[in-house]
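Me: Could you walk me through the terms behind this one? I'd like each label set against its cut-off.
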Amino acid sequence: MRKISVVGMGYVGLVTAVSLSSIGHDVTCIEMDKEKLALLQKGISPIYEPGLEIMLQEAINNRRLRFTFEAKEGLEEAEIIYIAVGTPTLENGSVNLDYLEMVINEIAACITKNVIVVVKSTVPVGTNHMIKAKLDQALPLHIKAEVISNPEFLREGSAIYDTFHADRIVIGADNQQAADVMSEVNKPFGVPIFHTDILSAEMIKYASNAFLATKISFINEMANICEKVGADIESVSVGMGMDQRIGPHFLKAGIGYGGSCFPKDTKALSYIAADVDYDFHLLKAVIDVNNKQQRILLKKARERFQSLNGKKVALLGLAFKPNTDDMRESPSLVMAAELVNEGAEVVAFDPVAGEKASRIFPTVINVVETLEIAIKGADMAFILTDWEEFKGTELSVFVKQMKQPIIFDGRNCFKLTEVEKYPIEYHSIGRKALLI
Ligand code: UDX
Ligand code: UDX
């Protein structure tokens with residue numbers, strides 16, 4: 001059992017802290033957002049992540065997890081300090097390391113014994129070496145800080161599952177002893193540990209996310225071609241995925257990727273490449289394809305209606321993916337803005353992100369409580385997130401509730417053979433349109 005501190009109770013930091021505590025470590029968490037801190041101290045999770053809150057409460061009850069605002073209180077006893085603060089991208093694609101630097105200064109000011117600093121946050125290649133240099137320079141001679149790059153591969157909505165069933169844990173270290181400690185810390189997860197140097201570990205994170213984003217943009221371009229030649233992307237995707245070298249995952253055509261990672265990390269990697277005079281054409285194309293794909297349902301609707309001005313539009317699904325309330329870089333943000341711009345009357349619904357959406361969306365957008373209310377009297381419905389709740393909705397509901405049952409499905413939630421049984425005009429991604 002180790003005394004561990006985790007700084008930054010976001011999607012990654014909180015899951016990391018709760019998971020480390022559940023395998024027996026003694027974890028103290030530091031969070032600067034006092035509202036979030038108050039919830040955590042009451043055992044309430046500030047984020048929607050299936051299975052997290054129950055584990056949070058168990059860990060608190062077992063007295064192996066606590067939360068504080070004070071860096072000194074949170075750091076002085078730590079043997080190992082995980083950093084999971086935000087590393088957002090700036091407009092030009094570079095990564096904002098301000099939060100990270102703040103935490104490094106706090107560590108240098110508060111620790112009283114040797115520590116291992118574990119960087120969970122996604123940071124540009126070379127950042128861990130910068131952190132090590134800063135700590136070496138700031139710490140008194142008798143205190144040593146080793147730095148480890150330990151990137152996360154958690155998917156929101158399945159972060160707990162991913163922690164205990166990961167394909168690998170990546171440990172980037174320049175010091176064997178620190179690497180050995182990290183093997184011991186992570187051993188109870190029962191997940192293969194891949195040891196490498198720090199620079200490669202930092203790059204594995206960016207390369208992995210960029211490759212997954214590439215798969216998504218590839219299948220989305222294939223979908224757009226399939227529509228033109230009359231092929232069915234769902235079949236193409238299955239047929240491709242049966243090849244072990246390709247694999248079935250991340251080949252789901254839709255309206256593109258969102259979230260706090262793929263958009264940020266693809267831009268950051270493109271910037272990192274440019275910084276070393278390498279023009280990463282392929283990645284730039286991936287980003288460009290995704291930006292267009294997020295708007296593809298608008299293109300289809302404009303072709304269908306010419307003008308959307310005055311039309312009543314139901315937006316179904318606001319989170320960037322199912323099983324999360326996270327709306328960061330969600331396609332719904334782009335869609336909502338452009339629809340309002342064109343004078344459409346927008347009514348929005350999401351099973352989980354509704355409350356967050358009503359704080360983010362302009363007041364002109366009516367965020368409602370149920371799918372039925374959202375589509376009532378609508379001229380068209382856009383499905384933006386593949387919630388199970390939507391897939392399980394009887395199609396007759398659309399026929400009954402809508403002014404005219406016209407659906408633009410951005411996540412191919414329904415089988416064409418199913419939709420064909422109803423008088424529904426149905427436009428989806430990479431498949432033929434069903435007209436009444
Ligand atoms: C973060 C990084 O953004 C991402 O690049 C990395 O892959 C994982 O960690 P996420 O957990 O989504 O992802 O970040 P975010 O949701 O922004 O949470 C960061 C948390 O740190 C916030 O709760 C913020 O209040 C807190 N924070 C930030 C601190 O407690 N102290 C700080 O100095 C800065
Ligand atoms: C991703 C990576 O999967 C994870 O390893 C990394 O640590 C963080 O970023 P996340 O963004 O939480 O995780 O969700 P993910 O399930 O990867 O989906 C990302 C986006 O891609 C979503 O908008 C989703 O709708 C989209 N997506 C995913 C597709 O459009 N098609 C797919 O086949 C898979």
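Reply: Happy to. A polar contact is a pair of N or O atoms within 3.5 Å; within protein, one must be able to donate a hydrogen and the other to accept it, and residues adjacent in sequence count only if both atoms are side-chain atoms. This is a predicted model, where local features need pLDDT of at least 70 and side-chain atom pairs count only at pLDDT 80 or more, while totals for chains, interfaces and linings use all residues. Side-chain values use heavy atoms, without hydrogens and water, residues are numbered from 1 along each chain as its sequence is written, and chains are lettered from A and ligands numbered from 1 in the order in which they are written.

Me: What makes the pair between ligand 1 and E152 a polar contact?
Reply: An oxygen atom of ligand 1 is 2.7 Å from an N or O atom in the E152 side chain, and the limit is 3.5 Å, so the pair counts. The side chain of K264 has an N or O atom 2.6 Å from a ligand 1 oxygen, and a polar backbone atom of M32 is 3.0 Å from one.

Me: Which residues around ligand 1 come nearest?
Reply: E31, K36, T87, T122 and K264, out of 23 around ligand 1; a residue is near if one of its heavy atoms lies within 4 Å.

Me: Why are β1 and β2 called paired?
Reply: Two strands pair if DSSP finds at least two bridges between them; β1 (residues 3-7) and β2 (residues 26-30) have five, in the parallel sense, so they qualify. S5 has T28 in β2 as its bridge partner. Strands themselves are DSSP runs of E, at least two residues, numbered from the N terminus.

Note on methods
Helix = DSSP H or I, 4+ residues; strand = E, 2+ residues; numbered from the N terminus.
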